[in-house]
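Work through the exercises below with the structure open beside you. Try each task before reading its solution.

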Amino acid sequence: MRISPSIFRILLGLALLICSYGFLKDVSGIPSAWMPNDKLMHVLIFAGLTLLWQLGFPRRAVSGLLMMSLYGGLIELAQHYLTVRTGDWWDWLADICGILLVLLLWHWRPIRIKMLNT
């Protein structure tokens, strides 16, 4: 059974809404031990978002790289200017690492499968 890309587009939209809320929410009351590694969380979140992008828009990897990178940068700017949180460019770099990780694996996988079939 093949899942339609439109399903992944809807999931991406929902994930972006949830992530935006989480990134912009005041977390001053939450203990810092709750999230042991902030940068790892950024990598994982943006890897998940990029995976949803790739499944929803399979032939638009460059657009995904640009859109997800822009989203990550805008979130950091919004945290700095619109919330009590502070934007961190190291978080944005972690976002980009998650994006690049998925794109690398996404494009590497078919090459490996092709090599195994020859």
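The three exercises that follow concern a predicted model.

**Exercise 1.** Determine how helix H2 and helix H3 are oriented to each other.

*Solution.* Step 1: locate the helices; H2 covers residues 38-56 and H3 covers residues 61-82. Step 2: take their axes, which come within 10 Å and cross at roughly 140°. Step 3: compare the angle with the cut-offs; over 145 degrees would count as roughly antiparallel, and 65 to 115 as roughly perpendicular. H2 and H3 are therefore oblique to each other. Step 4: add the handedness, which is right-handed for this crossing. Step 5: list residues of the contact; among them are Phe46, Leu49 and Trp53 of H2 and Met67, Met68 and Tyr71 of H3. The residues of this contact divide into 7 nonpolar, 6 polar and 1 charged.

**Exercise 2.** Find which helices supply the largest nonpolar core.

*Solution.* Step 1: the core has 16 residues, and Leu12, Phe23, Phe46, Leu49, Met68 and Tyr71 touch the most other members. Step 2: H1 (5-24), H2, H3 and H4 (89-117) each supply at least two residues of this core. Step 3: the largest share, 5 residues, comes from H1. Step 4: take Leu49 as an example; leaving out residues up to four places away in sequence, Leu49 touches Leu12, Ala15, Leu16, Cys19, Met68 and Tyr71.

**Exercise 3.** Decide whether Ser69 is buried or exposed.

*Solution.* Step 1: find Ser69 in helix H3. Step 2: its relative accessible area is 12%. Step 3: buried means under 20%, so Ser69 is buried. Step 4: beyond residues up to four places away in sequence, Ser69 touches Gly64, Trp92, Ile96 and Ile99.

Key
Residues are numbered from 1 along each chain as its sequence is written. This is a predicted model: local features need pLDDT of at least 70, side-chain atom pairs count only at pLDDT 80 or more; totals for chains, interfaces and linings use all residues. Side-chain values use heavy atoms; hydrogens and water are left out. Axes are lines fitted to C-alpha atoms, for helices over the stretch in contact, and angles run from 0 to 180 degrees between N-to-C directions. Helices (H or I, at least four residues) and strands (E, at least two) are DSSP runs, numbered from the N terminus. Angles under 35 degrees count as roughly parallel, over 145 as roughly antiparallel, 65 to 115 as roughly perpendicular and the rest as oblique. A crossing is left-handed if the near helix is turned anticlockwise from the far one by less than a right angle, and right-handed if clockwise. Contact means heavy atoms within 4.5 Å. Ala, Val, Leu, Ile, Met, Phe, Trp, Tyr, Cys and Pro count as nonpolar, Asp, Glu, Lys and Arg as charged, and the others, Gly among them, as polar. A nonpolar core is a set of buried Ala, Val, Leu, Ile, Met, Phe, Trp, Tyr and Cys residues joined through side-chain atoms within 4.5 Å. Buried means under 20% relative accessible area, exposed over 50%, partly exposed in between (1.4 Å probe, protein chains only).
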